Amino acid sequence: MANELENSIRKAAQKIVDTIQDAGEMTVETYYTEVKPPQAGAAEPEPNLAATTKVEWDGDSKTTIPMHQTAEGAFEVDTALLELHQRNVTTATEYRTRLLHSLMSIVQPRGKQAP
Amino acid sequence: MELNLCDGTASGNALDLWSSDAATASGALSFDIAAPTDAPALWQVNLPDDFALAASRLSDSETSLQRSQQLLAAAAGRLEQLQPIASDSAVSFAVGAEPDQDLLPPERELLALLQGQTPPGEAQVSFGMGADLAAAPMQGWEQAQQVFQSLMDKLRQSVADSVLIETRIAGRLLGRTVVSWAGDVQTVWPGGKTVEEVTLHQRTVALALKSRETMLKMFAASVQMAISLAFRLALPGGPLLALPAVLRFIKQMLELQSSRQPI
């Protein structure tokens, strides 16, 4: 009975682990919307994509960073938005790591678990 | 702080911050958690308009969640110390060398449930164990199945395709983030937010995600505790019947902790 219960739980957790690990990459996207005074019947404004980071689990990563053009025509990084985006990337990476760790603690048999 | 967790079917927080009452699926006991619900789970935090107060409320919730995680480890340790003592008339229990009359309230209630007695202050046992199982075996078994099914439903809910996290201040949207199971994140910021407001939303996102993790840890820990307890105490109904008592034990410890009583 104990084995049956344990095995069922392990199989269920293993399915989730497989789903997460099968996803070979993780994408983090940060959008902004312009807030305007609400108008009756007006649709909610479409959010604009500000930055994207794609992390591939084989080690590659690609980031599109937000920039704006100055009055002189030069391009500058929007540091505030970029910082926001980087925090989102950190949150997402840490979440995935901790989630997998929690799931692995279910999947692994008792006595073989990592501390 | 108002924190609602909605999944499109039900809302509430059965085990405080990090869980919600999922709709109970009908039908037979199922171990399948592969099919997530269509509607994303929605975490919506509505903070007060006073920034310092809002930050303080979030700090309280973060502390509460951290204590819940620590409590899970403590609960497992305390259950490990429970040992059966053979006697002529009935089985009694002890923590180490201490007799069972010195047990703390959560342990006392746990053992009362496992022996089929009504816990103090309760008119009716909500799930039958031990003697109740012998008298009406199907009833105890079915109730244990329902408890387990409810737990599996909560797990199923927590693995829904994505979770939508919203932070509001006095009803005004501060930020909205969608996180998928695989870790994909999409965040929408309404323009013109201060650094402090942005930080509030990021703390809310972290809180929601840690709550999901805690739910998973609680699930794993309670099953492992039930298996260990059933084996060591040679419980007649096995781990499935011990599971509701273990869940109640954890819940009681959480309640004592939140009311700042000795646990």
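Two strands are taken to pair if DSSP finds at least two bridges between them. With that criterion in hand, the tour of this predicted model may begin in chain B.

**First stop: the hairpins of chain B**

Select residues 162-169 of chain B, which form strand 5, together with residues 172-180, which form strand 6. The two strands run antiparallel and are joined by eight bridges. To find the register, display B:L164 and look across to B:V178 in strand 6, which stands opposite. Then move to the turn: two residues lie between the strands of this hairpin, and B:A170 takes a positive phi near 50° there.

Next, add residues 185-190 of chain B, strand 7. Strand 7 pairs with strand 6 of chain B in the antiparallel sense, over four bridges. Here B:V179 has B:V185 in strand 7 as its bridge partner. The hairpin of strands 6 and 7 of chain B has four residues between its strands, and B:G183 shows a positive phi near 105°.

**Second stop: from strand 7 across to chain A**

Keep strand 7 of chain B selected and add residues 25-33 of chain A, strand 1. These two strands run parallel, with six bridges joining them across the chains. A useful marker is A:E29, which stands opposite B:Q186 in strand 7 of chain B.

**Third stop: the whole contact**

Now select the full contact between the chains, to which chain A brings 37 residues and chain B 34. On the side of chain B that touches chain A, strand 7, helix 5 and helix 6 (238-258) each supply at least two residues. Which element of chain B gives the most to this side? Helix 5 of chain B does, with 14 residues. Coloured by class, the side of chain B that touches chain A has 23 nonpolar, eight polar and three charged residues.

**Final stop: a pair of helices**

Select helix 2 of chain A (residues 79-107) and helix 5 of chain B (residues 195-232). Their axes lie 9 Å apart, at an angle of about 5°. Angles under 35 degrees count as roughly parallel, and helix 2 of chain A and helix 5 of chain B are therefore roughly parallel to each other.

Show side chains where these helices meet. Helix 2 of chain A contributes residues including A:L84, A:R87, A:Y95, A:R98 and A:I106. Among those they meet in helix 5 of chain B are B:V198, B:Q202, B:L209, B:E213 and B:K217. The residues of this helix-helix contact divide into eleven nonpolar, four polar and four charged.

Technical notes:
Residues are numbered from 1 along each chain as its sequence is written. Chains are lettered from A and ligands numbered from 1 in the order in which they are written. This is a predicted model: local features need pLDDT of at least 70, side-chain atom pairs count only at pLDDT 80 or more; totals for chains, interfaces and linings use all residues. Axes are lines fitted to C-alpha atoms, for helices over the stretch in contact, and angles run from 0 to 180 degrees between N-to-C directions. Angles under 35 degrees count as roughly parallel, over 145 as roughly antiparallel, 65 to 115 as roughly perpendicular and the rest as oblique. Two residues are in contact if their C-beta atoms, placed from the backbone, lie within 7 Å. Ala, Val, Leu, Ile, Met, Phe, Trp, Tyr, Cys and Pro count as nonpolar, Asp, Glu, Lys and Arg as charged, and the others, Gly among them, as polar.
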